[in-house]
Each structure stands twice: as structure tokens, then as C-alpha cells.
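Me: I am new to this structure and would like a close look at a single part of it, the salt bridges and the charged side chains that take part in them or stay outside them. Please set that part in the context of the strands around it.

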Amino acid sequence: MPVPLGYQFLKGKTTVIKIPVYNISDFPGSSYVRVKLPNGQIGCYKLKTPDTNTPLRVMTKLGVQGVDLVAATGNVNIVIPSIIKKGTTATVVENTAEYIRATSQANADGILFSLANIAPNTSYTFVSDVEIVNTVDDVLSIRIYNKTQAKYINSNVAGSTAAKGAKQRLTGTFNTGALMVAGDVIELWIVQSWKNNTADAFEFKVYKDNLSIN
């Protein structure tokens, strides 16, 4: 779920408008306007089609857009409680309010979530913060799988590096395609991806606060 970096405040005639400012990478497939926070960090306003709830508007190459003043809530498409291990070598070691920590030792083993509200022939954006706790040279791969049809919708939406001990922001987009049928069971896989075809021990964390598909 995208979390605002901070807020900017604009004083109007009768009220003060509170504007959420996000990481630009939170909305790679959406319209945004770059802004600079007081601490010097570059972020963005998220834009939307103007309506009665967008008093602040800007001109873009797509025409007039409204600044979205409602902080994004995300997670409407990921069923967080559905988390289970994926694969025989995988173990969910921790499942806390902050993160999920898992281990695995095989290609495409890791964790999976059920997805809800996913429509055919529709584009979505994935966002998550992850951390590689232990690896030789393997990485995390984000995959979208159609369980009903037993095939990938996208076998590598995003991928981590092998760097250990620090959060990595992963983002990527996918389209469900015209072959998906409404009612198909769609899964999000966050799994180990081999680099050298050897069964290396692997450990990772997926942080929940930014985990979203929108």
C-alpha cells in the first residue's frame, strides 16, 4: 500500500488543503506531478479525473487533471490473510503486522497470496518493499499466476537484486489479457529465482505497509 512521504498544505479562502505526497515509484503507470518537500526530497502528487472532490487542478499533456487528496489505501486486490507457503522447500518463518519472513531452497518456491477483484484484459501496478535476508546469488521474482488455467499471466512482473540487509522497492505492471475469464482464480507469487541452477538457501522479507496491486 503506497504510504505518503509527507504532506503539503495549501491555504485557501476558507480552509487549508492537505495534499499527500508520494514516492514517484509508487505510481509508475499513473499521472503525477513532481513536487519538492521541505527536506529536499522529490515526490509527487497523484492525479485523477477531476470531480467535486478535486478542488486543486493542474494542466497536463492529457488535459486538466485533479490532485487526489485522498491518501491511497491500496491492498484492495491482495487478500493479505490468504498468505501461504508455495513449494515444498518453503517455510513461512514469521507473519507479523509489519512483514512476512520466509525461507526457501528451490526455484519458484516462496509465498503466495490470493487476489480478489481482478478483471480480464485490465492493467495493474504492483508495489512492494522487500528485503533479502540471506542469499548466495538468487533474487526474488514477482509473478502473477492464473490457477484456474494453470499458466502464468506474467512470470516476472518485477525482481529484486541480490543485495542483502536493506529494503528494496519493487514495482511493475501487468495486464491480465483477454484470455482470462471472469471468476478465474488469480494468485500473486513472491518466489526465489535461481541464478545458477543450484539449490542455495534463501531467506527474505516482504513488508506489508506498501504491498499493493492497484
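Reply: A good place to begin is E203, which counts as buried because its relative accessibility of 16% falls under the 20% limit used for that word. This is a predicted model, and what follows describes that model. The side chain of E203 meets the side chain of R101 in a salt bridge, with 2.5 Å from N to O. Since R101 belongs to strand β9 (residues 99–104) and E203 to strand β16 (residues 202–213), the pair ties together parts that lie 102 residues apart in sequence. The two side chains also belong to a network of salt bridges, in which E94, R101 and E203 are linked.

A search of the whole structure finds four salt bridges. One of them joins the side chains of R169 and D129, again with 2.5 Å from N to O. This pair too links distant parts of the chain, for R169 sits in strand β14 (residues 167–175) and D129 in strand β11 (residues 123–134), with their positions 40 residues apart in sequence. The two partners fall into separate classes of exposure: R169 is partly exposed, with a relative accessible area of 27%, whereas D129 is buried, with a value of 7%.

The side chains of K48 and D51 form another salt bridge, with 3.2 Å from N to O. Here K48 is partly exposed at a relative accessible area of 27%, and D51 is partly exposed as well, at 28%.

With these pairs in view, it is worth turning to a charged residue that stands outside them. E187, placed in strand β15 (residues 186–193), is buried and yet has no salt bridge. The nearest side chain of opposite charge is that of K147, 4.0 Å away. The side chain of E187 does have a polar contact of 3.0 Å with the side chain of W189. If the neighbours within four places in sequence are left aside, E187 is in contact with L112, F113 and L115, and also with R143, I144, Y145 and K147.

Some of those contacts lead to strand β12 (residues 139–146), a strand that is mostly covered, with eight of its eight residues buried. From β12, the residues V139, S141, R143 and Y145 point one way, while L140, I142, I144 and N146 point the other way, and all of them are buried. Thus R143 and Y145, which are in contact with E187, point one way from the strand, whereas I144, which is also in contact with E187, points the other way.

The neighbours of β12 can be followed through its pairing. β12 and β15 pair in the antiparallel sense over eight bridges, and one of the bridge partners is easy to trace, since I142 is matched by I190 in β15. β12 also runs antiparallel to strand β13 (residues 151–159), to which five bridges join it, and here S141 has G159 of β13 as its bridge partner. β12 and β13 form a hairpin with four residues between them, and A150, in the turn, has a positive phi of about 55°.

Elsewhere, another buried residue may be compared with these. C44 has its place in strand β4 (residues 42–48) and is buried, with a relative accessible area of 0%. Apart from its neighbours within four places in sequence, C44 is in contact with P20, V21, Y22, N23 and I24, and with Y32, V33, R34 and V35. S25 is 19 residues from C44 in sequence, and the two lie 9.3 Å apart in space, C-alpha to C-alpha.

Finally, the whole protein gives the setting for these details. It has zero helices and 16 strands, and its C-alpha trace spans about 65 × 40 × 30 Å along the principal axes. Of its 214 residues, 45% count as buried. Among the contacts with a separation of 6 or more, 65% come from residues 24 or more positions apart. The accessible surface comes to about 10,600 Å², and 53% of that surface belongs to carbon and sulfur atoms.

Conventions: Residues numbered from 1 in each chain as written. Predicted model: local features only at pLDDT ≥ 70, side-chain atom pairs only at ≥ 80, totals over all residues. Heavy atoms only, no water. Helix = DSSP H or I, 4+ residues; strand = E, 2+ residues; numbered from the N terminus. Buried < 20%, exposed > 50% of the residue type's maximum accessible area, 1.4 Å probe, protein only. Lys, Arg positive; Asp, Glu negative; His and termini not counted. Polar contact = N/O pair within 3.5 Å; in protein donor to acceptor, adjacent residues only side chain to side chain. Contact = heavy atoms within 4.5 Å. Pairing = 2+ DSSP bridges. Areas by Shrake-Rupley, 256 points an atom, 1.4 Å probe, with all protein chains shown as cover.
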